[in-house]
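Work through the following exercises with the sequence and the model open beside you. Each task is followed by a solution that proceeds step by step.

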Amino acid sequence: EQVGDRSTGTRVVAGQIFHESEESDSHTEDDESFRSPEEEKESMLEELNSLEMSNLLNKNLEDVEIQKPVLTAIGGTADSEPCHFPFLFLEKEYAECTADGREDGRLWCATTYDYKRDQKWGFCETEEQSNKRRQMQEAEDVYQTGMKIFNESSKKAQKKEAYQYLLKAADMNHTKAMEKVSYALLFGDYLKQNIQSAKELFEKLTEEGSPKGQTRVAAGYRYWGGIGVLQSCESALTHYRLVANHVASDISLTGGTVVQRIRLADEVENPGMASGMLEEDLIQYYQFLAEKGDVQAQVGLGQLHLHGGRGVEQNHQRAFEYFNQAANAGNSHAMAFLGKLYSEGSDIIPQSNETALQYFKKAADMGNPVGQSGLGMAYLYGRGVPVNYELALKYFQKAAEQGWVDGQLQLGSMYYNGIGVKRDYKQALKYFNLASQGGHILAFYNLAQMHATGTGVMRSCHTAVELFKNVCERGRWSERLMTAYNSYKDGDSNAAVVQYLLLAEQGYEVAQSNAAFILDQKEASIVGENETYPQALLHWNRAASQGYTVARIKLGDYHFYGFGTDVDYETAFIHYRLASEQQHSAQAMFNLGYMHEKGLGIKQDIHLAKRFYDMAAEASPDAQVPVFLALCKLGIVYSLQYVRETNIREIVSHLDMDQLLGPEWDLYLMTIIALLLGTVIAYRQRQHQAILRPVGLRPAVPQQEPPPEHQPPQ
């Protein structure tokens, strides 16, 4: 606040004419603006305490002031003299440099206590520093304008407009704007993809220092897998735990955005397989049903818009509208979710514990587990009601009995912390495990903490890392998976592969396999021809290490055919065997059968080949036809091999046909030959008559005739 001077006229303030009309209209009394030395000392000590400088707390004010960095005035009437803090200006004390009284906004200070009496002053910054500070303030304003437009709009055109503001702020060296613009240029989001410009921006950010949570996730993954560094479970645990703490703290009552993990290879291999995405026509059909009053459609659409995912964008306003319609129709599930929305609050729905409690009670009275869990939360944390652990435990148990994961999670937390019940780690572990089966991210987090510290279970670094990794991969940056998928479906493989490659470095197995798939199909033009297969091989290998069967088979294929590496049948055999033994892959079993049949990478063995072919047919119904053909071929090969190894003349010389078929075997043979010959002649005559038959009335032509080569004879 600025304190106005009641005197009239104009005067010189810090080297600039200061007019009465330019003063601020806000005024405070002397007893409010002036702080006594004791108050000043208390304020100083509080500030030092916040910086954890406890060793200064017992020193007197004079000693503390000595520790403050000394600012030297630049120019003015007291050049090179130290600034005096506090100094008195317009009946107000200033403990730091100020721009009050100056139209150009430059910071200045007085070098004596009373500026009005002594007129001793100087600038706290050079003109260049002042210009830079004002430029950064302008850049911040532009950045905030862009972010406001981006966050408040759902249309792509408006988001593109927002990025024009961010682009302008980035040109003014605004760090956060540069981060967003660099990723937009890299991925082709709202700005045209430009890898070179993105690279230059990233290099600039690296020089200035711009740490991101993704880098720590990538570090955790590298230590976990021993990629480029010495493998260390404990180091991986440290990195993953730090990021998992941040992700877990960001989880709200309604949960985060749902992320679909779609593998491109699975979509191609199994076109009919459900990917989890909803087609636009199906969404419109549900919307039609909801408008007609279908309560189940209203609740389903409400949940889709609440969490996002499956091709539906997160939208709390739409979620509220659908839940409200269903709640008015008496649906308990909708009432419970309205309670969640009011309990948490947002820009759309104002936070209200009272309203949330009403909806939770209505839903709970109807036996709804979501409402029961909501009431439990209210009594546990005292939201609109007095804290009552006994009632909280009661409602959580009711919700947990119906399989609701929130109830199971909270029961686990109460047993773990001994809240309202006796501390029991075994019970906590039981409920956390149940909640994790329902996919609750906080259940994974709590289990990871227990395994990391050995609380209630034997300590396991490996298990803890896997659980923390699961939590980290559900952070906000995981939404990039859907952005990459949408880019690929829109035909922009370059943008998709860049996004997948970035997520692949953070350890996302789906991103690794999808990046490898795009490279394998040679759909990314930004990757050089000579680098396509080696890069694909690298990411197939990483995905296979995380248990993806298709990736393991692809590794075998690459070594079998020599894609991105030398032909190596033995290594190919090893990968197929791993896929067969660990994941029971029918494809791997079939390939092993073929390699045994041909003796590739292993000694030829017809019997083992048949065994693996039979195992493939048992493992998958889809393999039965190719296995049948392979076995027929194998039978012929086996017969030829037997004939080749046997002396035919010796067999014929010892063969007695009279003893084998009877004394009249030659008559039987001639009869069979005559019958076969007659059949062939009759068939040929029938065909000849069909060709010479005169054209008569023909039946009506069907709507779609078969191709000429497949038409029946006239």
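pLDDT is the predictor's confidence in each residue, on a scale from 0 to 100. The structure is a predicted model, in which local features need pLDDT of at least 70 and side-chain atom pairs count only at pLDDT 80 or more, while totals for chains, interfaces and linings use all residues. Residues are numbered from 1 along each chain as its sequence is written, and side-chain values use heavy atoms, with hydrogens and water left out.

**Exercise 1. Establish what the mean pLDDT of the chain is, and over which residues pLDDT stays under 50.**

Solution. Begin with the chain as a whole: its mean pLDDT is 80, and 79% of its residues reach 70 or more. Then turn to residues 1-67, where pLDDT stays under 50 and the model has 87 contacts (heavy atoms within 4.5 Å) beyond four places in sequence. Residues 691-714 also have pLDDT below 50, and this stretch has four contacts beyond near neighbours in sequence. Where pLDDT is low, the predicted coordinates should not be read in detail.

**Exercise 2. Describe the loop residues Pro86, Leu90 and Glu91, together with the aromatic cluster that includes Phe85.**

Solution. Helices (H or I, at least four residues) and strands (E, at least two) are DSSP runs, numbered from the N terminus. Pro86 falls in the loop between helix H3 (61-67) and strand S3 (87-89), and the peptide bond leading to Pro86 from Phe85 is cis, with omega near -5°. The next loop, between S3 and strand S4 (92-94), holds Leu90, and Glu91 has its place there too.

Now read the backbone angles: phi of Leu90 is near 55°, a positive value in a residue other than glycine, and phi of Glu91 is near 60°, again positive in a residue other than glycine. For accessibility, buried means under 20% relative accessible area, exposed over 50%, and partly exposed in between (1.4 Å probe, protein chains only). Leu90 is buried, with a relative accessible area of 8%, whereas Glu91, at 44%, is partly exposed.

Finally, consider the rings. Those of Phe, Tyr and Trp (its six-membered ring) pair if their centres lie within 6.5 Å, and planes under 30 degrees apart count as stacked, over 60 as edge-to-face and the rest as tilted. One aromatic cluster is formed by Phe85, Phe87, Phe89, Tyr94, Trp108 and Tyr115.

**Exercise 3. Find how many aromatic pairs the whole structure has, and analyse the pair of Phe150 and Tyr163.**

Solution. A search of the whole structure finds 30 aromatic pairs. In one of them, Phe150 and Tyr163 meet edge-to-face, at 5.8 Å centre to centre and with 80° between the planes. Because Phe150 lies in helix H5 (residues 127-152) and Tyr163 in helix H6 (residues 156-171), the pair ties together parts that are 13 residues apart in sequence. Tyr163 is buried, with a relative accessible area of 9%.

**Exercise 4. Determine which residues touch the most other members in the largest nonpolar core.**

Solution. A nonpolar core is a set of buried Ala, Val, Leu, Ile, Met, Phe, Trp, Tyr and Cys residues joined through side-chain atoms within 4.5 Å. The largest has 124 residues, of which Tyr240, Phe323, Phe468, Tyr500, Ile518 and Trp540 touch the most other members. A second, separate core of 13 residues includes Cys83, Phe87, Tyr94 and Trp121.

**Exercise 5. Trace the salt bridges of Glu509 and Lys633, and the ring beneath the charged end of Arg263.**

Solution. A salt bridge is a side-chain nitrogen of Lys or Arg within 4 Å of a carboxyl oxygen of Asp or Glu, and by this rule the count comes to 18. Glu509 pairs with Arg263, their closest N and O atoms being 2.5 Å apart. Glu509 lies in helix H25 (residues 509-520) and Arg263 in the loop between helix H10 (233-249) and helix H11 (264-269), so this bridge ties together parts that are 246 residues apart in sequence. Glu509 is buried at 10% relative accessibility, while Arg263 is partly exposed at 25%.

The charged end of Arg263 also sits over the ring of Tyr548, 4.7 Å from its centre; the rule for this asks that NZ of Lys or CZ of Arg be within 6 Å of the ring centre and within 35 degrees of the ring normal.

Next, Lys633 and Glu597 meet in a salt bridge of 3.5 Å, N to O. Lys633 lies in helix H31 (residues 624-645) and Glu597 in helix H29 (residues 586-598), so the pair ties together parts that are 36 residues apart in sequence. Lys633 is partly exposed at 36%, whereas Glu597 is buried at 4%.
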